[in-house]
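Trainee: I should like to understand the reasoning behind the terms used for this model. Could we take them one at a time?

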Amino acid sequence: MVHPNTAGPLLAFAHTADLVAYLNQLSEDEAVIGCRQLSDERLVELLESPELRWASEITADMAHENRWELLNHVAEDRMADILQSMEKSEQDLILRHLNHLTRTSIFRLMHYPADTAGGMMTTEFIQAPIDWTVAQTLQHIREVESTRETVYAIYVVDDNDALRFVVPLRKLVCADGDAPLTTLWQGEPPITVTALTDKEAVANLIRRHDFLALPVVDEGNSVLGIVTVDDVIDTLMEDAVEDINRFGGTEHIGMPYLQVTPWMMIRKRGGWLAALFLGEMLTASAMQYYESQLERAVVLAMFIPLIMSSGGNSGSQATSLLIRGLALGEVRLKDWWRVFLRELPTGIVLGTFLGAIGFLRIEMWQHLGFFDYGEHSLLIAFTIWVALIGIVTFGSCIGSMLPFILQRVGLDPASASAPLVATLVDVLGLVIYFSVAALFLTGTLL
């Protein structure tokens, strides 16, 4: 445990990233007490790290310790994120002690939804009038650099504060000091987004144009802030973790596995398991409906796990591919019919391939004496073959369409988890299986 009267091991970390990783392994009280020993400069670096688990608790403790000045130096977009995770009373206490400009910027940032450009942007950027020279701009950068989170580019505005063009820092440094900024402009309009632009669209623009930062503008084309590439990466990483959790059939936990309480683990997993269990109860109902067929041909029950798992696996594959395609913008909602027309023949071919393996397995076991399927073994083998074609095709189609359906009704496509797809295929797959069995085996085994 970190003792309150000593810096302990925290001062031994030279790199902030290593310090963050260490603090995340501690309890809340240990992390908060340990951080009281750090300098203001080190604490600012620490709080600006999105990976810090105890950021809101450490910030609240700094407020109670009356270390207000250091909170004024934390990047405004990061401070907005921290405040949004705190209680209203704590928010009000901290906001009252921030300086007016910082408080105004943070209020604006907190107003935007977290999944938009406004929710991701920082208001700490460098802007220059269009009539400045290169030398004037470089001098301005030297004067304000310490108060800016990043200096990737300079945003040149006209007399109405409307963005006219963007000058990369590299081009500015290499230019003649007496040259006007306008000589660095090649005439292309700047690429911008609005505050309410979706984060996926922002990420795609940054990736497509290899930007380090993207300006966010208002209706008058004035720069509100910039979204930096590291902000995009942090946001997309958080989304990826949430999607992975949902795809596995759980809610997002948001903390290290070994630090999750048993009650929280039960609460996060219980809802999904209950929903999936209720869905699987339909499978039992379907089997009860076909009880007479099972009594007359018990051999059919042997292949139920094999057939159901094949359909579920096929559906899970299709769901995974479509969720990835939707996330990367490779597939859009209106492309659902094109996806269906691709998955339908794909499912038929895959089902035929798996069915052929099942057919050969039954016939080999029958003729090699490993198991006696009876005099109608050939019909049973054909039943398994055709049933696999139908179930694998159905699994591929439903697995590919479910993300579209969820997105259409406003839900996260990642909610189309593998367990959910498997449950749907299990229920309807039984209907397909016994329907095929009735077609081939009526008058013989049935």
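**Terms and evidence**

Trainee: What makes S2 and S3 a pair of strands?

Mentor: S2 and S3 are joined by five bridges and run antiparallel. Two strands pair if DSSP finds at least two bridges between them, so the five bridges of S2 and S3 meet the criterion. One such bridge links Val156 with Phe165 in S3. Strands here are DSSP runs of type E with at least two residues, helices are runs of type H or I with at least four, and both are numbered from the N terminus.

Mentor: A word on the origin of these values: this is a predicted model, in which local features need pLDDT of at least 70 and side-chain atom pairs count only at pLDDT 80 or more, while totals for chains, interfaces and linings use all residues. Residues are numbered from 1 along each chain as its sequence is written, and side-chain values use heavy atoms, with hydrogens and water left out.

Trainee: Which strands are the edges of the sheet S1-S2-S3, and what makes them edges?

Mentor: The sheet is open, with three strands in the order S1-S2-S3 and mixed pairing. S1 and S3 (163-168) are its edge strands, since each pairs on one side only. S1 and S2 (residues 153-157) are joined by four bridges and run parallel. Pro129 stands opposite Val157 in S2.

Trainee: How do you know that the side chains of S1 alternate?

Mentor: Within S1 (residues 126-129), Ile126 and Ala128 point to one face and are buried, whereas Gln127 and Pro129 point to the other and are not. Buried means under 20% relative accessible area, exposed means over 50%, and partly exposed lies in between, with a 1.4 Å probe and protein chains only.

Trainee: Is Thr16 called buried or exposed, and why?

Mentor: Its relative accessible area is 18%, which is under 20%, so Thr16 is buried. Thr16 lies in helix H1 (residues 16-24). Leaving aside neighbours within four places in sequence, Thr16 is in contact (heavy atoms within 4.5 Å) with Arg42, Glu45 and Leu46.

Trainee: Where do the cysteines Cys35 and Cys174 fall, buried or exposed?

Mentor: Cys35 has a relative accessible area of 0% and is therefore buried. Cys174, at 63%, is over 50% and therefore counts as exposed.

Trainee: How many disulfides are found?

Mentor: The search of the whole structure finds zero disulfides. A disulfide is a pair of cysteine sulfur atoms within 2.5 Å, so no pair of cysteine sulfur atoms meets that limit.

Trainee: What span does helix H17 have, and what is it set against?

Mentor: H17 (residues 336-368) has 33 residues and reaches 47 Å from its first C-alpha to its last. The expected span is 1.5 Å times one less than the number of residues, which gives 48 Å for H17, and the value is close to that. Among the buried residues of H17 are Val339, Gly347, Gly351 and Phe359. What covers the buried residues includes helix H16 (304-327) and helix H18 (377-408). Just after H17, Gly369 takes a positive phi of about 80 degrees.

Trainee: Which residues have the most contacts inside the largest nonpolar core?

Mentor: A nonpolar core is a set of buried Ala, Val, Leu, Ile, Met, Phe, Trp, Tyr and Cys residues joined through side-chain atoms within 4.5 Å. The largest has 51 residues, and those with the most contacts inside it are Leu23, Leu46, Ile58, Leu71 and Val227. Its largest share, five residues, comes from helix H4 (residues 55-64).
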